[in-house]
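Student: I have a structure open and would like to learn how to read its features. Where should I begin?

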Amino acid sequence: MDRHDMLLSPAGVDALRTALTLADFTANGIAGRLGSQATGGVARNDNRAALRATEDRDRLGTLIRVFICDQTEPEPVVAAALAPLGVDEALAGGIVERHGDGLRAGVDLEPYGDDWWVLADVPASARPGRPLHAEHVLGIGGATQTLIGAAVRRPVETALDLGTGSGVQALHLSTHARRVTATDVSERALRFAATTAALNGQDWELLRGDLVAPVAGRRFDLVVSNPPFVVGPGTTTHVYRDSGRVGDAIGAELAAAAPHLLTDGGTMQYLANWVHVTGEDWAERVTGWFAGTGLDAWVIQREVADPMAYVNLWLTDVGESADPRRMEAWLDWFDAHKVEAIGFGIVSLRRTGHDRPIIRVEDLRQRVEPPLGDRIGEWFDRQDWLRDRDTDGLLAARYRAADGLQLRQEATMGDDGWAVDRQVLAMPRGLRWSEEVDPLVLALVGGADGRLPLRDQLALLAAAHDVTPDELAEAAGPIVAHLVERGLVEPVVD
């Protein structure tokens, strides 16, 4: 894609950057100007304190009023705040628009991170009653933040953002990838992404097409995607939401494409919805997406919604909540396909070349220690360590309990005092897993201080529990592997 295909001319982008820099229109600059109370109010869509703090309408104050508080301001005041970008070019590029007797924001121009800006369409909530463009470009929402936090941030040569939208995922990729490619089916989205890239001094390869079509035959070290994952009958009204695929097929389609997109050792991560069908195991359904791919896969379900709440959410998102026919048709489709719930989560895949790929599909709805991407990278590292060791290798290794590991007990008072009913190992950090264990496993973890090989540790436990070491070793291998995978115990690496 031509790098000049932007909302503004290259000179206009430079002028806008100059204006934003002169005003210190950054996250820190705005917070410093408004103070904590007004900044907190803005986060709750309460702009009263922010408007009081910017009544002088200097350069920064005007930009805050226009692009943060969505106010209409007199044209001369806005012109002064945007200079050296001219008002005519700002209007032509849609940066501002005429409203009443002044100018207001024509785009969502959001200061982001320490010194980035992201351009997107004004959200539906800011323009009630105005239908969203079919190629509406989303700003930084909840799903966007989820993928940002889940991505594995390790240095790579090449990275791909499938369905880039405003370009925010590509911005993050640029911090640890030497070359960034981004695609989108929407020409309009690519104009926004190109402008975001240029405004932040980035140079990405931007390609138009549906999902992986623009990069057919190419491979990347890291692929991320926040695709149009919404589940339904396949109706397409807004490209950021609707893929045109029926049901949850887009998740399976991306899984099937992954082996052809990734370099050896490459990682692909994407957000997905999947249906929970009455009488079926949702995890088995999603596991089927990866059959024959040869990829390691870890799918974590973070949320589950019932059909009514799900349809309400997505109709409200595009301002269609007042259309009962749309809701009825959508819910009828769910009923016809026995969909009782819809799951949302993160799919992480890795191309290892091993003939025994690891596939895990599981619930992980507890709060985790951010960033989740670090936890996902560590999970894949642990799989590498486990795959390189058979039972003898596991028995020869030394282990220690993870830092901070806790034991939680439930007990009942009886005639003979307290009787322990349940013992749970819990990690207060990382993924915050908890695992119910029996006394023997508890003794094994309690003795894991990193000094003895597991085989010697089991010999001591066997003598104490009147079982043979071989019997205990046979049972302990899978248990220790599971505890390592969960991060509850850690192998000691010399």
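Tutor: We will go through domains, salt bridges, aromatic pairs and two threonines in turn. Keep in mind that this is a predicted model.

Student: Into which domains is the chain divided?

Tutor: The assignment gives domain 1 (10-105), domain 2 (142-380) and domain 3 (391-491). Taken over C-alpha atoms, the centres of domain 1 and domain 2 are separated by 33 Å.

Student: What does UniProt list for residues 143-273?

Tutor: An unreviewed entry there carries "domain: Methyltransferase small" for residues 143-273. In the model this span is 31% helix and 28% strand, and its end C-alpha atoms lie 11 Å apart. A further annotation in UniProt, also from an unreviewed entry, is "domain: DUF7782", covering residues 378-491. That span is 47% helix and 30% strand, with 13 Å between its end C-alpha atoms.

Student: Now salt bridges. What is the general idea, and how many salt bridges does a search of the whole structure find?

Tutor: Side chains of opposite charge can pair when their charged atoms come close. The search finds 37 salt bridges here. Take Glu-73 and Arg-57, whose closest N and O atoms are 2.6 Å apart. Arg-57 is in the loop between helix 3 (48-53) and helix 4 (59-68), while Glu-73 is in the loop between helix 4 and helix 5 (75-82), so the salt bridge ties together parts that are 16 residues apart in sequence.

Student: Are the partners Glu-73 and Arg-57 buried or exposed?

Tutor: Read the relative accessible area; under 20% counts as buried. Glu-73 has 3%, so Glu-73 is buried. Arg-57 has 32% and counts as partly exposed.

Student: Which residue forms a salt bridge with Arg-130?

Tutor: Glu-97 does, with 3.4 Å between the closest N and O atoms. Arg-130 lies in the loop between strand 4 (116-120) and helix 7 (142-150) and Glu-97 in strand 1 (residues 96-99), so look for a link between distant parts of the chain, 33 residues apart. Arg-130 is partly exposed at 41% relative accessible area, whereas Glu-97 is buried at 19%. These two also belong to a network: salt bridges that share partners join Asp-70, Glu-97, Arg-104, Arg-127 and Arg-130.

Student: What about Arg-486: with which residue does Arg-486 form a salt bridge?

Tutor: The partner is Glu-362, and the closest N and O atoms are 3.0 Å apart. Arg-486 belongs to helix 18 (residues 469-486) and Glu-362 to strand 12 (residues 359-363), so this salt bridge ties together parts 124 residues apart in sequence. Arg-486 counts as buried, with 16% relative accessibility, and Glu-362 also counts as buried, with 13%.

Student: Over which ring does the charged end of Arg-486 sit?

Tutor: Over the ring of Trp-433, 3.6 Å from the ring centre. Arg-486 therefore appears in two readings: a salt bridge with Glu-362 and a charge over a ring.

Student: How many aromatic pairs does the count come to?

Tutor: The count is 14 aromatic pairs. In one of them, Trp-289 and Phe-290 are 6.3 Å apart centre to centre, with 65° between the planes, which is edge-to-face. Both residues of that pair are buried. Another edge-to-face pair is Trp-379 and Phe-380, at 5.2 Å centre to centre and 80° between the planes. Trp-379 and Phe-380 are buried as well.

Student: Which residues do ring pairs link into a cluster?

Tutor: The cluster holds Phe-229, Tyr-310, Trp-314, Trp-330, Trp-333, Phe-334 and Phe-344.

Student: Last, the threonines. Where is Thr-267 found, and what does Thr-267 touch?

Tutor: Thr-267 is in strand 9 and is buried, at 12% relative accessible area. Leaving out residues up to four places away in sequence, Thr-267 touches Asp-221, Leu-222, Val-223, Leu-262, Leu-349 and Arg-350.

Student: And where is Thr-278 found?

Tutor: Thr-278 sits in the loop between strand 9 (262-277) and helix 11 (282-287). Thr-278 is partly exposed, with a relative accessible area of 45%. With the same sequence neighbours left out, Thr-278 touches Lys-338 and Glu-340.

How values were computed: Residues are numbered from 1 along each chain as its sequence is written. This is a predicted model: local features need pLDDT of at least 70, side-chain atom pairs count only at pLDDT 80 or more; totals for chains, interfaces and linings use all residues. Side-chain values use heavy atoms; hydrogens and water are left out. Rings of Phe, Tyr and Trp (its six-membered ring) pair if their centres lie within 6.5 Å; planes under 30 degrees apart count as stacked, over 60 as edge-to-face and the rest as tilted. Buried means under 20% relative accessible area, exposed over 50%, partly exposed in between (1.4 Å probe, protein chains only). A charge sits over a ring if NZ of Lys or CZ of Arg is within 6 Å of the ring centre and within 35 degrees of the ring normal. A salt bridge is a side-chain nitrogen of Lys or Arg within 4 Å of a carboxyl oxygen of Asp or Glu. Helices (H or I, at least four residues) and strands (E, at least two) are DSSP runs, numbered from the N terminus. UniProt positions are given in the numbering used here, feature names are shortened, and annotations may be inferred rather than shown by experiment. Domain bounds come from an automatic or database domain assignment. Contact means heavy atoms within 4.5 Å.
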